[in-house]
Amino acid sequence: ALRHAPDSTRVAVSALPHAQGVQVTVADDGPGIAPGDLPRVFDRFWKGHRTGAGSEGSGLGLAIARELVLAHGADIWVESNPGRGTAFHFTLPRA
């Protein structure tokens, strides 16, 4: 979140009990993600129009995060409001 948002962006990380175990949220008040980009944010090697070609990174971070969460039998998703921020959520089962 910090890497892909302006310097003034605030980022909050929270963990709350969830029916499956725990739900972790990483939320920011940055520029958000365009609605048309949301279906692709977890795709390998995909970079949104804000990061684009030439930026640091390979476009693998969220794809790897998704695979790790799914390997634990959990779920990951994103919610975003352009101009108001983005929240990535994932659940993890109880040990």
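User: In which strand is the place of Ser80?
Analyst: Ser80 has its place in strand β3, where strands are DSSP runs of E with at least two residues and helices are runs of H or I with at least four, both numbered from the N terminus. You are looking at a predicted model, in which local features need pLDDT of at least 70 and side-chain atom pairs count only at pLDDT 80 or more, while totals for chains, interfaces and linings use all residues. Residues are numbered from 1 along each chain as its sequence is written, and side-chain values use heavy atoms, with hydrogens and water left out.

User: Is Ser80 buried or exposed?
Analyst: Ser80 is buried, because its relative accessible area is 14%, and buried means under 20%, exposed over 50% and partly exposed in between, with a 1.4 Å probe and protein chains only.

User: How should I read the side chains along strand β3 (residues 76-81)?
Analyst: In a regular strand the side chains alternate between the two faces of the sheet. Here Ile76, Val78 and Ser80 point to one face and are buried, whereas Trp77, Glu79 and Asn81 point to the other face and are not buried.

User: Which backbone atoms does the side chain of Ser80 reach?
Analyst: A polar contact is a pair of N or O atoms within 3.5 Å; within protein, one atom must be able to donate a hydrogen and the other to accept it, and residues adjacent in sequence count only if both atoms are side-chain atoms. The side chain of Ser80 reaches the backbone nitrogen of Ile33 at 2.7 Å, and it also reaches the backbone oxygen of Gly85 at 3.2 Å.

User: What else can be said of Gly85, which is found in strand β4 (residues 85-93)?
Analyst: Gly85 counts as buried because its relative accessibility is 7%. Leaving aside neighbours within four places in sequence, Gly85 is in contact (heavy atoms within 4.5 Å) with Asp28, Asp29, Gly30, Gly32, Glu79 and Ser80.

User: How do β3 and β4 run, and how many bridges join them?
Analyst: Strands of a sheet pair through backbone hydrogen bonds, either parallel or antiparallel. β3 and β4 run antiparallel and are joined by 6 bridges, which satisfies the rule that two strands pair if DSSP finds at least two bridges between them. Looking along the pair, you will find Val78 opposite Phe88, Glu79 with Ala87 as its bridge partner, and Ser80 opposite Thr86. The two strands form a hairpin with 3 residues between them, and Gly83 in the turn has a positive phi of about 85°.

User: What is the order of the strands in the sheet?
Analyst: The sheet is open and has 4 strands in the order β1-β2-β4-β3, with antiparallel pairing. Its edge strands are β1 (11-18) and β3, each of which pairs on one side only. Strands β2 and β4 pair in the antiparallel sense over 8 bridges, and the bridge partner of Thr25 in β4 is His89.

User: Which residues make up the largest nonpolar core?
Analyst: In soluble globular proteins, nonpolar side chains tend to be buried together. A nonpolar core is a set of buried Ala, Val, Leu, Ile, Met, Phe, Trp, Tyr and Cys residues joined through side-chain atoms within 4.5 Å, and the largest one here has 9 residues: Ile33, Val41, Phe42, Trp46, Val69, Ala74, Ile76, Val78 and Phe88. Not counting residues up to four places away in sequence, Val78 touches, among others, Ile33, Val41, Phe42 and Phe88.

User: How many aromatic pairs are there, and how is one read?
Analyst: A pair of aromatic rings is described by the distance of the centres and the angle of the planes. Rings of Phe, Tyr and Trp (its six-membered ring) pair if their centres lie within 6.5 Å, and planes under 30 degrees apart count as stacked, over 60 as edge-to-face and the rest as tilted. The count comes to 1 aromatic pair. The rings of Phe42 and Phe88 have centres 6.1 Å apart and planes at 90°, so this pair is edge-to-face. Phe42 lies in the loop between β2 (21-28) and α1 (61-71) and Phe88 in strand β4, so the pair ties together parts that are 46 residues apart in sequence. Both Phe42 and Phe88 are buried.
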